[in-house]
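Visitor: I'd love a friendly tour of this structure. Could you show it to me before we begin?

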Amino acid sequence: MDRSMSVPPGAGDARLMAVIEVTDLGMRYGSTVALDGVSLRVEPGEIFGVVGSNGAGKTTLVECVAGLRTPDAGVVRVLGLDPCRGGRAVKERIGVQLQESRLPDALRVGEALQLYASFYDQPADWRVLLDQWGLTAKRGTGFGNLSGGQKQRLLIALALVGNPELALLDEVSTGLDLQARRSTWDLVRSMRDRGVTVVLVTHHMDEVERLCDRVAVMRAGRVVGVAEPHEFVARTGASTLDEAVLTLGGDR
Ligand SMILES: Nc1ncnc2c1ncn2[C@@H]1O[C@H](COP(=O)(O)OP(=O)(O)OP(=O)(O)O)[C@@H](O)[C@H]1O
C-alpha cells in the first residue's frame, strides 16, 4: 500500500484511537526535571503545535514520542503502540526531524536520501522529495557544504522519506529564508491533506496561527493548556497569540 496516498491510519476505527496518547509523562536529566506529568492526545490528521519557552520540555517530549528517549514515568502510545518497545512496527510509521541533527559532512544530498529510503519497505520517491524541498541542484553536494537552510530542508526530506503516518517536526522553519518558510508551510499542509498527522514544535506564532489545528503550551515541563490558537487569545484576553503564549507559558 502506498501510505502517502492513504487516508489517516485506518480512518474509521482509528477515529477512536489517538495517534499520540501521552499519560503522566515524567523525565529527568540528573536533577533537572524536563517533563513533569505531561498528558495529551493528538488526533488523526491534525497539525498539533507545541510551544513554550526555552527549556520548557518540548524537544524531550518529542524525543519520548519518537521512541528516542525512554521516559522515567508515564505511558506513551503512538498509533496504539509503545514507541520504545514497538520496534520497526511503530518506528517505520514515524518521521522525525530534530533540531540540530547532523550527517557526515561528505555524505551527498542524493546519497543521504537514497540511504534513508533503503531503510523502509515502502519509501517515498526520494527524487520527488529532492524536488519538493528545492534540493535538486544540490543532489551531488556534501552535507558539510550546504547552507543552514539547505541542511534543514534535507533533514525534513529525510524525515519524510519513509512515508510516515506521523511527522514530528522540531523547529521546522528555523533558519529558512522567507520563500523556503512559505513553501515549508505549504508542504506541511499538503502532508496533513494526505492524512499525515503532524506535530510541530515552534517558537513562531505566525506558524502556529497559519498551520496548527490545536496547540499545547508548555511551561517548566508541564502542559499548561491545549486549545485552538484563537481560543488561547480569547481565554487570556490577550490581543495576539504571542501575548497569550507569553502569559501562559512564559517563565515570567
Ligand atoms: N541531554 C540533556 N542533558 C541534560 N539536560 C538536558 C538534556 N536535554 C535537555 N535538558 C534539559 O531539560 C530541559 C528541557 O529541555 P528541552 O530541550 O526538552 O526543552 P525545549 O522546550 O525543547 O527547549 P528549546 O526551546 O530551547 O529547544 C531543559 O532544562 C534542558 O536544559
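Guide: What follows is a short set of questions and answers about this predicted model.

Visitor: What average pLDDT does the protein have?

Guide: This is a good place to start, as the model is predicted. Of the residues, 92% score at least 70. The average over the protein is a pLDDT of 88.

Visitor: Which stretch has a pLDDT below 50, and how many contacts does it have beyond near neighbours in sequence?

Guide: The stretch is residues 1-14, where the pLDDT is below 50. Where pLDDT is low, the predicted coordinates should not be read in detail. With that caution, the contacts of residues 1-14 in the model, beyond near neighbours in sequence, come to 21.

Visitor: What ipTM does the predictor give the complex?

Guide: Two scores are given for the complex, and one of them is a pTM of 0.88. The other, the ipTM, is 0.97.

Visitor: What radius of gyration does the protein have, and what would a compact globule have?

Guide: The C-alpha atoms fill a box of roughly 50 × 40 × 40 Å along the principal axes. For 252 residues, a compact globule would come out near 18 Å, so the protein agrees with that rule. Its own radius of gyration is 18 Å.

Visitor: How far apart are the centres of domain 1 and domain 2?

Guide: The domain assignment builds domain 1 from 3-93, 165-176 and 187-249, while domain 2 covers 102-163. Taken over C-alpha atoms, the centres of domain 1 and domain 2 are separated by 24 Å.

Visitor: How many residues does each domain bring to the contact?

Guide: On the side of domain 1 that touches domain 2, there are five nonpolar, two polar and two charged residues. In total, domain 1 gives nine residues to the contact and domain 2 gives twelve residues.

Visitor: Which element gives the most residues to the shell around the ligand?

Guide: Among the residues surrounding the ligand are Y29, G52, N54 and K58. Strand 2 (32-42) and helix 2 (58-65) each give two or more residues to this shell. The top contributor, with three residues, is helix 2.

Visitor: Which class is the most frequent in that shell: nonpolar, polar or charged?

Guide: The shell around the ligand has three nonpolar residues and one charged residue. The remaining class has seven residues, and that class is polar.

Visitor: What does UniProt list for residues 20-245?

Guide: Over residues 20-245 the chain is 35% helix and 26% strand, and the end C-alpha atoms are 23 Å apart. The UniProt record, an unreviewed entry, lists this range as "domain: ABC transporter".

Conventions:
Residues numbered from 1 in each chain as written. Predicted model: local features only at pLDDT ≥ 70, side-chain atom pairs only at ≥ 80, totals over all residues. Domains from an automatic or database assignment. Contact = placed C-beta atoms within 7 Å. Nonpolar A, V, L, I, M, F, W, Y, C, P; charged D, E, K, R; others polar. pLDDT = per-residue confidence, 0-100. Near = placed C-beta within 6 Å. Helix = DSSP H or I, 4+ residues; strand = E, 2+ residues; numbered from the N terminus. UniProt positions renumbered as here; feature names shortened; annotations may be inferred. Rg over C-alpha atoms; globule rule 2.2 N^0.38 Å.
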